[in-house]
Structure formats: C-alpha cells, structure tokens
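This report describes a protein model from its overall make-up down to single residues. Please keep the sequence and the coordinates at hand while reading.

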Amino acid sequence: MAQKEEGTEQAPALSLFVKSGENLGAKTVTGTSTAGGGVVVEVREKKGPLRAAIPTMPFPLAVICLFLNTFIPGLGTFVSAFTVLCGARSELISERGVCCVFWLNVAAALIQILTAVIMVGWIMSIFWGMDMVILASCRDQGIAQDV
C-alpha cells in the first residue's frame, strides 16, 4: 500500500526481520544493506539431529557409501556409522559425543532399511549418500561446514 505525503506517493519500506534462538524454521534468512543500496541475503539451513550426525569422511569412502546406499538401502549409512568410531568428524560430536552420533547413524540406517519396502527408505538412503559425498567434497576443498 502506498502512502501519500504532501501530494507524492511513497512505497512502503521493505523490512526483513530475523528471529534468533532455537525456534527457527528450517532456514534462517538475514539481510544487510550494502553501500550500493542492494541487500545481501544469507541462508543457513538448520539440520535435525539425524542430518547433523552424518560424518565427514574421506571422499573415496563417501562415494563407496553412496554406491552402497543406492543398491542396498541403509548399508552405506551403516558403514558410515563406524567411521565415526574411527575418527570421522560430525557437526553433532561436540554436543552429544561420539557414542551418541554413532547410534544416531545406526538408527538412520535402520530407518532406511525398514522403510525401503515403501520406497521412502530407498530415496532417503540415496539422499543420505549424496549428503556424505557433498560433505566429503567440502572437506577436501576446505569449504566451511556451515552450508
């Protein structure tokens, strides 16, 4: 809605509000003005505990886990759970510990295996493997884990 001030119409200013805390949605959007008048937008995805527990492995091992997840749903995720015990890092290790992250990965593998019959677990398994490869490639390129 336009506002009239002394015979001229002005469009309302666009505001971008950001909440902080744990009650954020799946993504957080922040905006700041730049010198040229544009807005820089940053999007950060908030991951659930199962997604945050995906370990960052060496790239060849991540590709093997993707291959296993594609043909035998949950097997690559199960293998990746043991990489946590062998020293692979995860976003959740600092908060919950190695043992909890291991069991979260085992739980994700079981979910994938049990729901593969109705195709949900198979699709989830493939996406899980793709996330492993993406995390591994980010690790090898030195890209920050925030994305």
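Is C100 buried, partly exposed or exposed? With a relative accessibility of 28%, C100 counts as partly exposed, where buried means under 20% relative accessible area, exposed means over 50%, and partly exposed lies in between (1.4 Å probe, protein chains only).

## Basis and confidence

The model is a predicted one, in which local features need pLDDT of at least 70 and side-chain atom pairs count only at pLDDT 80 or more, while totals for chains, interfaces and linings use all residues. Residues are numbered from 1 along each chain as its sequence is written, and side-chain values use heavy atoms, with hydrogens and water left out.

The average pLDDT of the protein, that is, the predictor's confidence in each residue on a scale from 0 to 100, is 80, and 72% of the residues score at least 70. Residues 1-5 have a pLDDT below 50, and this stretch has nine contacts in the model beyond near neighbours in sequence, a contact being heavy atoms within 4.5 Å. Over residues 7-28 the pLDDT likewise stays under 50, and for them the model has 28 contacts beyond four places in sequence.

## Overall architecture

The protein has six helices and four strands, which are DSSP runs numbered from the N terminus (helices H or I, at least four residues; strands E, at least two). Read from the N terminus, the order of these elements is β-β-β-β-α-α-α-α-α-α.

Of the 147 residues in the protein, 29% are buried. The exposed surface amounts to about 9800 Å², 65% of which is supplied by carbon and sulfur atoms, with areas taken from the Shrake-Rupley method with a 1.4 Å probe and, for residues, only the protein chains shown counted as cover. Among contacts between residues at least 6 apart in sequence, 55% join residues at least 24 apart.

## Nonpolar cores

In soluble globular proteins, nonpolar side chains tend to be buried together. The term nonpolar core is used here for a set of buried Ala, Val, Leu, Ile, Met, Phe, Trp, Tyr and Cys residues joined through side-chain atoms within 4.5 Å. The largest such core has twelve residues, namely I54, M57, A62, C65, A88, A108, M124, W128, M132, V133, L135 and A136. Helices α2 (59-71) and α6 (120-141) each supply at least two residues of this core, and α6 gives the most to it, with six residues. Apart from this core lies another, of seven residues, among them A52, A53, V84 and L92.

Two residues of the largest core illustrate its surroundings. A136 touches M57, P58, F59 and A62, when residues up to four places away in sequence are not counted. M124, which lies in helix α6, touches A108, I111 and Q112 on the same reckoning, and its C-alpha atom is separated by 8.4 Å from that of P73, 51 residues apart along the chain.

## Helices α5 and α6

Helix α5 (residues 98-114) has 17 residues and reaches 24 Å from its first C-alpha to its last, close to the 24 Å expected at 1.5 Å a residue, the expected span being 1.5 Å times one less than the number of residues. Its buried residues are V101, F102, L104, N105, V106, A108, A109 and Q112, and their cover includes α1 (49-52), α2, α3, α4 (93-96) and α6.

The 22 residues of α6 should span 32 Å at 1.5 Å a residue, and its end C-alpha atoms are 32 Å apart, which agrees. Buried residues of α6 include G121, S125, G129, D131 and C138, and the buried residues of this helix pack against α1, α2, α3 and α5. Just after α6, G142 takes a positive phi of about 75°.

## Helix α3 and the cysteines

T77 is found in helix α3 and counts as buried at 0% relative accessibility. Leaving aside neighbours within four places in sequence, T77 is in contact with N69, N105, A108, A109, Q112, W128 and M132. V79 lies in α3 (residues 75-85) as well, but V79 is partly exposed, with a relative accessible area of 29%; beyond its neighbours within four places, V79 is in contact with C65 and L68.

The structure holds zero disulfides, a disulfide being a pair of cysteine sulfur atoms within 2.5 Å. C99 is in no disulfide, and the nearest cysteine sulfur, that of C100, is 7.5 Å away.
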